Amino acid sequence: MILTEIDHIAIAVNDLDEAIAFYENAFGARVEHREQIERDGVDEALLKVAESYVQLITGTRDDSPVAKYLEKKGEGLHHVGYRVDDCAAALASMVEAGATPIDSEPRPGSRGTTIAFIHPKGAYGTLIELVQE
Ligand code: CO
């Protein structure tokens, strides 16, 4: 079994601070990690839920993929991050199974992880992120 855990559920939001406050007020959730990933044009906050995270994301610039997503589709579920022991092996296995990679090779993600994205087309309409800690 390649999947070891749901790493995170990512939700695209227009106002990150407002969304964080909502999760804090509604669930008593706490931000465990906050990071801007310049390369991807993403500002993110991770709220821990058991061994997984809710990842609230927003764009840092208008031409970033998340900003474009928000513009086109509005706020909502953006992608699912699956935790794996070996990102390269998981990526190869998904491609072998017929999935279309967005990242042809694993690359650095937030909080020191190694990640690769899989296109929603060919993956039942779900943008998938493979996450190796
Ligand atoms: Co993610």
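1. Arg107 and Asp40 meet through their side chains in a salt bridge, with 3.3 Å from N to O. The two residues belong to distant parts of the chain: Arg107 is in strand 6, Asp40 is in the loop between strand 2 and strand 3, and they are 67 residues apart. Arg107 is buried, at a relative accessible area of 11%. The model is a predicted one, and the remarks below should be read accordingly.

2. Another salt bridge involves the loop between strand 2 and strand 3. The side chains of Glu38 and Arg61 meet at 3.7 Å, N to O. Glu38 lies in that loop and Arg61 in the loop between strand 4 (52–59) and helix 2 (65–73), so this pair ties together parts that are 23 residues apart in sequence. Both ends are partly exposed: Glu38 has a relative accessible area of 46%, and Arg61 has one of 32%.

3. Asp17 forms a salt bridge with Arg34, and their closest N and O atoms are 2.9 Å apart. Because Asp17 lies in helix 1 and Arg34 in strand 2 (residues 31–37), the pair ties together parts that are 17 residues apart in sequence. Arg34 counts as partly exposed, at 40% relative accessibility.

4. The count of salt bridges comes to 10. Among the residues involved, Asp7, Arg83, Arg111 and Glu133 are joined into one network by salt bridges that share partners.

5. Which residues are in contact with Thr113, leaving aside its neighbours within four places in sequence? They are Arg107, Pro108, Val131, Gln132 and Glu133. Arg107 is thus a contact of Thr113 as well as the salt-bridge partner of Asp40, and Glu133 is a contact of Thr113 as well as a member of the salt-bridge network. Thr113 itself is placed in the loop between strand 6 (107–108) and strand 7 (114–118). The side chain of Thr113 reaches the backbone oxygen of Ser110 at 2.7 Å. With a relative accessible area of 5%, Thr113 is buried; the cut-off for that class is under 20%.

6. The count of aromatic pairs comes to two. Phe22 and Tyr23 form an edge-to-face pair, 5.8 Å centre to centre with 80° between the planes. The rings of Tyr23 and Phe27 have centres 5.5 Å apart and planes at 50°, so this pair is tilted. Ring pairs thereby link Phe22, Tyr23 and Phe27 into a cluster.

7. Are the residues of this cluster buried or exposed? Tyr23 counts as buried, at 16% relative accessibility. Phe22 is exposed, with a relative accessible area of 52%, and Phe27 counts as exposed at 60%. Tyr23 and Phe27 are separated by about one helical turn, because they are four residues apart in helix 1 (residues 16–27). Helix 1 also holds Asp17, the partner of Arg34 in point 3.

8. At the start of the chain, Met1, Ile2 and Leu3 form a nonpolar patch on the surface, and together they have about 340 Å² of accessible area. Ile2 lies in the segment before strand 1 (3–12). Ile2 counts as partly exposed because its relative accessibility is 40%.

Conventions: Residues numbered from 1 in each chain as written. Predicted model: local features only at pLDDT ≥ 70, side-chain atom pairs only at ≥ 80, totals over all residues. Heavy atoms only, no water. Patch = residues over 30% accessible without salt bridge, like charges linked within 9 Å, V, L, I, M, F, W, Y side chains within 5 Å. Areas by Shrake-Rupley, 256 points an atom, 1.4 Å probe, with all protein chains shown as cover. Salt bridge = Lys/Arg side-chain N within 4 Å of Asp/Glu carboxyl O. Buried < 20%, exposed > 50% of the residue type's maximum accessible area, 1.4 Å probe, protein only. Polar contact = N/O pair within 3.5 Å; in protein donor to acceptor, adjacent residues only side chain to side chain. Contact = heavy atoms within 4.5 Å. Phe/Tyr/Trp six-rings, centres within 6.5 Å; stacked < 30°, edge-to-face > 60°.
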